Amino acid sequence: VLVAMEPYLKDKEFDPDFVKSKSAAAAGLCSWVINIIKFYEVYCDVAPKRIALEEANQQLQDAQTKLEGIIQKVIELEATLAELTSQYTTAIEAKMKCQAEADATTATINLANRLVGGLASEKIRWGQSVNQLKESARMLPGDVLLVSSFISYLGCFTKPYRVELLDKKWLPYLKKVEKPIPMSLGYVGANVLSLLTDEAVIAGWNNE
């Protein structure tokens, strides 16, 4: 149709104003034909653009739908991340607590080992003390006999005379009896004062 109408459209006389001078009805028909051809040309030019617009709108809608899905996925991932972060924080706190308990337990074990080691060394001293106490108990009757006799009979004499009587008379006699009486004075360094008091009191006497 457009090809058939092209010669008419190019004709200068195919003009509504010109045709109107000949016939008003023909002028109306001429104007209608020209306008319908222009409408068709505009339609042909606009139609692809309208289709492209519809396609673009559809792509935009698809993109928005996809974006909404991605946003929802991001929200879910952020929630999962927050939960995992909370679990990680809880696990770290539990680990630190366990580590602190382990350190405290290790320190307690070390102290216990030191205590056991210290008690092991003290065992020897305690054993020696027990043996000394047993020996002191064995010698107690002789020590009491000697000290009580010393206080009762020698206390009123001078020191040189007391020492002479003790060392030259009493002790030799006690060692010669048929059944010797065990006593501390039979050991080197022992003396009557050591049976009556201790070294701290004697040192106090010496300082007075």
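In this predicted model, Asn207 belongs to helix α6, which covers residues 199-207. Asn207 is exposed, because its relative accessible area of 68% lies over the 50% that marks an exposed residue. A helpful sense of scale comes from pairing this residue with Leu77: the two are 130 residues apart along the chain, and their C-alpha atoms are separated by 88 Å.

Helix α6 is part of an architecture with 6 helices and 0 strands. Read from the N terminus, the elements of the protein chain follow the order α-α-α-α-α-α. The radius of gyration is 65 Å, whereas the globule rule gives 17 Å for 208 residues, so the protein chain is more spread out than a compact globule. The spans of the C-alpha trace along its principal axes are about 185 × 40 × 20 Å.

Burial and surface can be taken next. Of the 208 residues in the protein chain, 12% are buried. The accessible surface amounts to about 17,000 Å², and carbon and sulfur atoms account for 62% of that area. As for charge, the side chains include 23 positive and 26 negative ones, with 17 Å between the centres of the two sets. Turning to contacts between residues at least 6 apart in sequence, 43% join residues that are at least 24 apart.

Helix α3 takes in residues 24-154, and Ile71 is found within this helix. Ile71 has a relative accessible area of 43% and is therefore partly exposed, as this value falls between the 20% and 50% limits. From Ile71 to Gln132 there are 61 residues along the chain, and the C-alpha atoms of the pair are separated by 89 Å.

Ser149 is also placed in helix α3. With a relative accessibility of 18%, Ser149 counts as buried, because burial is set at under 20%. Beyond residues up to four places away in sequence, Ser149 touches Leu154 and Trp170.

Leu154 is also one of the 9 residues of the largest nonpolar core, where it is joined by Leu146, Phe150, Leu165, Leu166, Leu171, Leu174, Met183 and Val192. Both α3 and α4, the latter made up of residues 159-176, supply at least two residues each to this core. The most is given by α4, with 4 residues. Within this core, Phe150 is a good residue to look at in the structure. Once neighbours within four places in sequence are set aside, Phe150 is in contact with Gly155, Arg162, Leu166, Trp170 and Val192. Trp170 thus appears among the contacts of Phe150 and among those of Ser149, while Leu166 and Val192 are core residues that Phe150 contacts.

Between α3 and α4 there is a loop, and Thr158 is found in this loop. Thr158 is exposed, because its relative accessible area is 52% and the exposed class begins over 50%. The C-alpha atoms of Thr158 and Ser184 are separated by 23 Å, and the two residues are 26 apart along the chain.

How values were computed. Residues numbered from 1 in each chain as written. Predicted model: local features only at pLDDT ≥ 70, side-chain atom pairs only at ≥ 80, totals over all residues. Heavy atoms only, no water. Buried < 20%, exposed > 50% of the residue type's maximum accessible area, 1.4 Å probe, protein only. Contact = heavy atoms within 4.5 Å. Rg over C-alpha atoms; globule rule 2.2 N^0.38 Å. Areas by Shrake-Rupley, 256 points an atom, 1.4 Å probe, with all protein chains shown as cover. Lys, Arg positive; Asp, Glu negative; His and termini not counted. Charge placed at Lys NZ, Arg CZ, Asp CG, Glu CD. Core = buried A, V, L, I, M, F, W, Y, C linked by side-chain atoms within 4.5 Å.
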